[in-house]
Amino acid sequence: MQQTYSSRSGPSEGEPVPVLSLSHAAKTFGPVVALADGTINIEAGEIHALVGENGAGKSTLVKILAGLHHPDSGDFRVAGQSVQFRNVAESKDAGISVIYQEPTLFPDLSVAENIFIGRQPKGRFGLISKATMVREAHKLFERLGVPIDPTRIAEGLSIADQQIIEIAKAISLDAKVLVMDEPTAALSGVEVERLFAVARSLRDRGTGILFISHRFDEVFDLCDRITVMRDGRYISTHRTADVTVEQIVREMVGRDIGALFPKTPAEIGDVVLKVDGLSRAGVFRDINFEVRAGEIVALAGLVGAGRTEVARAVFGIDPYDAGAITFDGRKLKPRDPQVAITAGMGFVPEDRRKQGLVMDLSVARNVTLTLRNKFTTAGLINGAAERRAAQDWSNRLQVKTGSQEHAVSTLSGGNQQKVVLAKWLATDPRLLIIDEPTRGIDVGTKSEVHRLISDLAGRGIAILMISSELPEVLGMADRVLVMREGRITAELDRADANPESVMHAATSSAGGTL
Amino acid sequence: MSSALDHKNATTTAPAAGARGAVAAVLRMRELPVLIALALLVLVTYLINPLFLTAQGVKDLLLNATIIMILAVGQTLLIITRNIDLSVGSMLGLVAFGTGSIFAAVPDVPILAVFAIGMVFGALLGAINGALVTLAKVPALVITLGTLYVYRGLNNAWAGGKQFFAGDRPEEFGALSVNTFLGFPVITLLAIVVVIAVAIYMSGTRPGRDLYAIGSDPDAATAFGIKVSKRVFLAFLANGALAGLAGVLYASRFNSVGATTGTGMELTVVAAAVVGGVAIFGGSGSVTGAALGAVLLTTITSSLTALRVDKFWQQAIVGVLILTAIIIDRVASLRTAKKLRISEARNV
């Protein structure tokens, strides 16, 4: 899987016509400028990364390529020919295939039919030949080196396999350009490697690939060139070999990376949460720690070390076999989140789409979800009071939304996270447990979330933060608890916490990635 | 990772082993439970009351099922796309009364022309439903609940207290429901031809597969460039044409047609489709299954009569059987989903 970029004949040799070129495309929705200058050139046989914060215009650009949006102005060429797509079908016909983060397959149809829908091979009497269809699908999967049974229905397939099916579809359509919009966000490590292997083999056959990701390690591992966007504008394009992560981040946010973790010292108060000898067979053992008012305690460690499980037990979602949880000096009843909430605990889960938010409800409803009773008169919710409270919190957290009435699903990841935080802050908590506060959030919003968490600590809220990102842990935490295989293996003060000490405690040997 | 892949390869290439694959395919058929239930029902009833399976008995069974069968095929086209047409009973009533009126006005009209007029009339009524659903973007349940009453009202206004009787119609027209070919009534054979034709269309043509795609995920279908509105509209039109056909056959089969002909039939039709394994949320099921469901439902009623079960209990028993069929289907599909997920887990 090792790739040496210098050994490949770069696309800049000579001046070949790019397979796809978009220049100075603009798109506005009413008063909102979604894209001010969308510019990208994709060569045949390259993997081209598109990076930028949320709201930088990447999605709009992708939708223009896909034929979902029509640019107000700008020049759009495929293989040198000027094009104007009126719909998705025209973009497909031109040889552009787009694979979204969560592909939309037809769950009731077979895998083969999902690949060939609308252009099923015909056999005798002009009827669809299922056998040919299955055979062709099989061939595609063999070519991709992925064993998926073409006859099974799509229902129940993992997201990784669904993406592979989309790629198979793209190949069968003879796509010249493959656009992958954050394909790895929901994949495991093995699946990511498999996807990358497929992407590289497609590139080597001459497909131009546009790869959108927030993960820099992936971008630098996979891509030949990187285009940066910021605030709806094209900023720059680099050959991957010629730049560093810091340089890209600087261009993305327009400021220095040092500003990313602005933890301000806060006055540390009394113990709010005390966990004594907490154990759960096979999950975690003998967990002891305290969190004080105004203190940020980070739970660091590798994925699967049992950090989230401990947090869930503390909040009362999961049971535990032994030990005690004391909150504000009172012992908490196990397995009852309502008790934890009433006592003054808040829990911001890792997967905010599934557990933290009701995606179809408005921003206002989501913010006030945890404190309905406060706005209730005789069992009915007072809409005006609810909206006022929601507005107040949204303002304080700088949630960027057109209206409080918009569905949360329309917000960007960072703003969704702010809504989750607002939801809990509105309950006036004494302790907030935050699981992976900035997962899937772009660099610029990350620092806003960090500033926010730091502010909260400054107001005397105790914070227990689970994070897999070492810079976040080191930048934010007053104290770092490191877990490994269900046990706390180190407790480090801010002064003692450094990459080496945390990594050493998280893995049996120093090194590896967090 | 490689060992996992090898394992998966071994299982996916297995279906090449013919016979076993064929058996497995039969076992996976959604129609199978209905078929088994139907066979059991007929067998048990026959063992208790041998008169149930005389030539006349079988003929009656098939005749009773014919009209519901055709309506269930049309309804299935819609349910598969996540739509429904509750106005089928009213459409059938209008066409049946219309058929009576034609014969009354032009006694020597060719029978084929009557069929053509009936189906075009039905198609028109269905197209109105389809246009309202696709243009107004209101759920079909609501639209067709409305047209159920509108069409019924038209029928009432048109017919008033008037009824047409079998004697008003030419003998050869009535004979369609009496004469048999190889033991099958002619109108039943007609229905079977309809089932087979629509089944081939649904499984073997691109527009047919599009209907499944639309019901499976309407948004994805739109994003994919499938002409959702056009396909749904045409499905409503086809359902109307089939209701029209059923209306003409109704006039052939039954003695009288009037203002209330076909009242309440829509629920039997939807029940037949659901019992036949057509998923009420769209995307899966087959017209063959729906037709079998129609046969099962009408046979249940007949066997309960043959078994001398009190009429009072018959409807309740039919209801219980509907629920059983749905629960069996649900459990089976959950099990399949679980199996798929497990095979998935092994793959990763």
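Let's start with a sheet in chain A of this predicted model. It is open and has four strands, ordered β12-β11-β14-β15, with antiparallel pairing. At the edges sit β12, residues 284–292, and β15, residues 330–331, and each pairs on one side only.

Look at β11 of chain A, residues 271–280. Six bridges pair β11 with β12(A), in the antiparallel sense. Which residue of β12(A) is the bridge partner of Lys274(A)? That is Glu290(A).

A helix lies across this sheet. α9 of chain A, residues 307–315, crosses β11, β12 and β14. Its angle to β11(A) is about 115°.

Now the second sheet in chain A. Six strands here, again open: β16-β19-β20-β13-β21-β22. The pairing is mixed. The edge strands are β16, residues 345–348, and β22, residues 487–493. Neighbouring strands turn by 15° against each other on average, ignoring direction.

Strands β21 (479–484) and β22 of chain A run antiparallel, joined by six bridges. Val482(A) has Ala490(A) as its bridge partner in β22(A). Helix α17 of chain A, residues 499–506, lies across β13, β21 and β22. α17(A) runs at about 30° to β21(A).

Over to chain B, and helix α6. This helix covers residues 111–136, 26 in number. From first C-alpha to last, α6(B) reaches 37 Å, close to the 38 Å expected. Its buried residues include Val114(B), Gly118(B), Phe121(B), Leu125(B), Asn129(B) and Val133(B). What do the buried residues of α6(B) pack against? They pack against α5, α7 and α12 of chain B. After α6(B) comes Lys137(B), with a positive phi near 55°.

Definitions and conventions: Residues numbered from 1 in each chain as written. Chains lettered and ligands numbered in written order. Predicted model: local features only at pLDDT ≥ 70, side-chain atom pairs only at ≥ 80, totals over all residues. Pairing = 2+ DSSP bridges. Helix = DSSP H or I, 4+ residues; strand = E, 2+ residues; numbered from the N terminus. Contact = placed C-beta atoms within 7 Å. Axes fitted to C-alpha atoms, helices over the stretch in contact; angles between N-to-C directions. Expected span 1.5 Å × (residues − 1). Buried ≥ 20, exposed ≤ 12 C-beta atoms within 10 Å, placed from the backbone.
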